[in-house]
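Please open the structure in your viewer and keep the sequence panel beside it. We will go from one selection to the next, pausing at each stop to look at what is there.

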Amino acid sequence: MFSLLNIRIGFFLAKRQIRRSNTWTTVLIIFVMFFTFINLVVVSGILVGLIQGAIDAVRTHYTSDVIISTLNNKTYIENSPEIMNIVDSLPQIESVSARYLEGGTLEANYKTRISDKEKPNTAAASITGINPLAEDKVTNLSKFIVEGGYLTSQDYDQVLLGAYLVEKYLPIESPGFSTLRNIAPGVKIRINVHGVEREVTVKGIIKAKVDEVSMRVFMVDSQLRSIIGRNDYNVDEISIKLKPGVDPSIIRDILKQNGIERVAKVQTYTDAQPKFIKDMVDTFALLGNMLSSIGLVVASITIFIVIFINAITRRKFIGILKGIGISESAIEISYILQSFFYAFCGSIVGIIALYAVLQPFIATHPIDFPFSDGILVAPIGGTLFRVGLLMITTIIAGFIPARLIVRKNTLDSILGRN
Amino acid sequence: MIEIRNLKKTFKDGENTTEVLKGIDFVAESGEFVAIMGRSGAGKSTFLYQMSLLDEPTEGEIFIDKRNMGSLTINEKTYFRLSELGYVFQDYALLPEMDALENVALPLLMQDMSEKKAYEEATEALIKVGLGKRLRNLPGQLSGGEQQRVSIARAIAHEPRILFADEPTANLDNESSRIIMDIFKELHEAGQTIIMVTHETEYSKFAGRIIHLDDGRVVKELLVEK
């Protein structure tokens with residue numbers, strides 16, 4: 001069937017049919033193919049991007065590229081100062097933030113509480129001691145201030161409250177979880193860590209789509225150190241931001257080779273992802289593919305109808321072609337090439353729209369999902385695979401109706417007999 | 001030479017059966033110009049379609065240059081039509097999206113001729129029918145007579161053994177019809193075998209022999225005196 005001669009004649013016929021066909025019809029078909037392509041790539045891209053946005057946010061605003069954290073059986077990272085020295089000596093490091101973490105409770109409105117029977121305005125939280133400057137360099141924490149201001153190193157007795165600890169931002173009442181009412185910058189609250197109580201002022205409220213940020217209380221590291229009495233400078237988390245282009249796994253391995261693994265967990269941002277996140281990525285990708293498949297079926301039906309109508313209205317001319325000796329295969333190839341042309345043009349327009357407009361636009365204006373800033377994930381390999389899938393589907397959808405018409409009796413086709 | 005033996009064609013429509021050709025025997029020598037005449041429904045066109053391998057007879061045998069056409073496969077018949085036969089249809093049967101030159105060149109290209117040579121030969125054929133200046137016109141930009149001349153150019157460009165014409169002047173005015181028949185006359189004089197169906201007595205006289213069909217049978221055969 002696919003002899004060079006048949007392909008050559010098929011191309012000759014297809015080229016002339018496309019060239020002389022109605023421009024608007026051609027544009028409309030290409031438009032349908034374009035939307036099919038977009039549906040094929042963007043639906044799954046957005047679904048995966050929804051999770052990827054969350055993963056990226058955790059990386060950018062919490063773990064950074066590499067995170068060193070406390071072993072499960074330890075309360076802090078032993079020999080933290082030595083580890084910090086090792087980290088600081090690596091040339092691939094751009095910035096580092098060390099954090100102290102301690103569980104505690106917060107209480108507001110304790111001065112206006114008139115009786116013990118009145119429910120106290122309290123919430124449990126993870127108290128995080130940071131060097132405000134270093135933390136901001138690593139995680140851009142100051143960017144997430146929604147009320148009040150960011151901490152400075154001199155801000156003693158001042159804290160940043162995560163928005164999910166404030167009722168105004170998370171109006172949820174559930175057993176075992178409570179948020180603080182009547183909170184605003186300037187309001188005094190009481191912090192209790194292991195029985196040590198300190199009255200602090202809320203300097204700002206911080207809100208990010210990363211739970212580790214929005215559910216914590218941030219204070220200057222030296223103050224938390226004094227509250228918990230940790231004078232050995234051993235910290236609980238070290239987030240490491242690498243210079244652009246540096247592979248996090250290389251740094252992880254270097255740190256492990258330096259023996260840090262014995263006293264702390266050393267993970268890249270991907271290692272630190274919980275398994276359910278990875279499962280969710282796979283689930284959403286599967287869901288996206290399922291939705292895209294529907295698009296593919298719609299595209300196949302569209303091409304089938306277009307080619308069928310084209311072939312049936314040209315049945316007489318197909319008969320003439322066969323009558324004057326043009327092979328059936330050449331005629332069928334001409335329809336296959338027409339389908340290919342529509343799918344190719346739709347895909348090219350789609351690729352341009354995707355990589356020149358949609359992806360850059362969504363990257364700069366992420367979709368504001370409740371738990372992530374959704375981006376459009378469309379790796380070039382996956383996109384080309386989908387283009388191939390679209391091509392194959394449309395070629396089959398173009399071939400079948402062409403075959404149905406071409407195989408009809410030549411004379412019946414010429415004379416328009418049924 | 002074309003030889004037809006006991007050719008029959010029956011059409012079935014549900015339980016109704018119509019016998020259109022009832023056993024025709026016919027011979028045309030190479031270089032002959034035969035006109036087939038008869039009243040409407042006599043079976044002229046059906047006879048031509050069977051002879052020219054565009055349709056399958058119900059019964060009978062067709063020999064072209066002593067080769068039994070019934071033994072050919074569908075693909076072999078297609079190739080035989082492409083290389084050995086030429087067709088001129090009543091309604092021209094040109095492809096609307098191709099200009100005159102492309103319409104004529106297409107069967108040549110299908111014979112694996114190079115594009116350059118195919119276009120050269122197509123141009124030559126179009127010049128032969130007087131359309132040397134309308135090569136790049138689409139069928140829709142040509143008059144009926146001009147379209148029929150393109151159709152003739154397409155039919156003769158590959159120098160077929162037999163040229164079949166089905167009422168080639170039926171849709172044309174007198175002047176155009178005359179031009180078409182003059183082309184047939186020239187082709188015949190150059191040795192082309194032509195078998196033409198017509199209902200116009202005036203144009204049947206261009207042929208060397210006229211056969212009359214009635215009710216699916218040859219009822220009369222006349223030699224035309226020149």
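Is α5(B) largely enclosed by the rest of the structure or not, and how many of its 13 residues are buried? Before you decide, bear in mind that this is a predicted model.

**First stop: helix α5 of chain B**

Select residues 144–156 of chain B, which form helix α5. The expected span for these 13 residues, at 1.5 Å a residue, is 18 Å, and the end C-alpha atoms are indeed 18 Å apart, so the two values agree. Now colour the buried residues, and you will find that 11 of the 13 are buried, so the helix is largely enclosed by the rest of the structure. Among them are E146(B), Q147(B), R149(B), V150(B) and I156(B). To see what surrounds them, show β6 (85–88), α3 (100–110), α4 (115–128), β7 (162–166) and α6 (174–189) of chain B, since the buried residues of α5(B) pack against these elements.

**Second stop: the whole of chain B**

Next, select chain B in full and show it as a cartoon, where the secondary structure comes to seven helices and 10 strands. Its radius of gyration is 17 Å, close to the 17 Å that the globule rule gives for 226 residues, so chain B is as compact as a globular protein of that length. Along the principal axes, the C-alpha atoms fill a box of roughly 50 × 40 × 35 Å. Buried residues make up 47% of the 226 residues in this chain, and, of the contacts with a separation of 6 or more, 67% are between residues 24 or more positions apart.

**Third stop: where chain B touches chain A**

Bring chain A into view and select the residues in contact, which number 19 from chain B and 16 from chain A. On the side of chain B, the elements that give two or more residues are α2 (74–84) and α3, and α3(B) gives the most, with five residues. If you colour this side of chain B by class, you will see 12 nonpolar, one polar and six charged residues.

**Last stop: M69(B)**

Finally, select M69(B), which lies in the loop between β5 (67–68) and α2 of chain B. This residue counts as buried because it has 20 C-beta neighbours inside 10 Å. Leaving aside residues up to four places away in sequence, M69(B) touches L53(B), I62(B), F63(B) and I64(B). Draw a distance line from M69(B) to L53(B), and you will find that their C-alpha atoms are separated by 8.0 Å, although the two residues are 16 residues apart along the chain.

Notes. Residues numbered from 1 in each chain as written. Chains lettered and ligands numbered in written order. Predicted model: local features only at pLDDT ≥ 70, side-chain atom pairs only at ≥ 80, totals over all residues. Helix = DSSP H or I, 4+ residues; strand = E, 2+ residues; numbered from the N terminus. Expected span 1.5 Å × (residues − 1). Buried ≥ 20, exposed ≤ 12 C-beta atoms within 10 Å, placed from the backbone. Contact = placed C-beta atoms within 7 Å. Rg over C-alpha atoms; globule rule 2.2 N^0.38 Å. Nonpolar A, V, L, I, M, F, W, Y, C, P; charged D, E, K, R; others polar.
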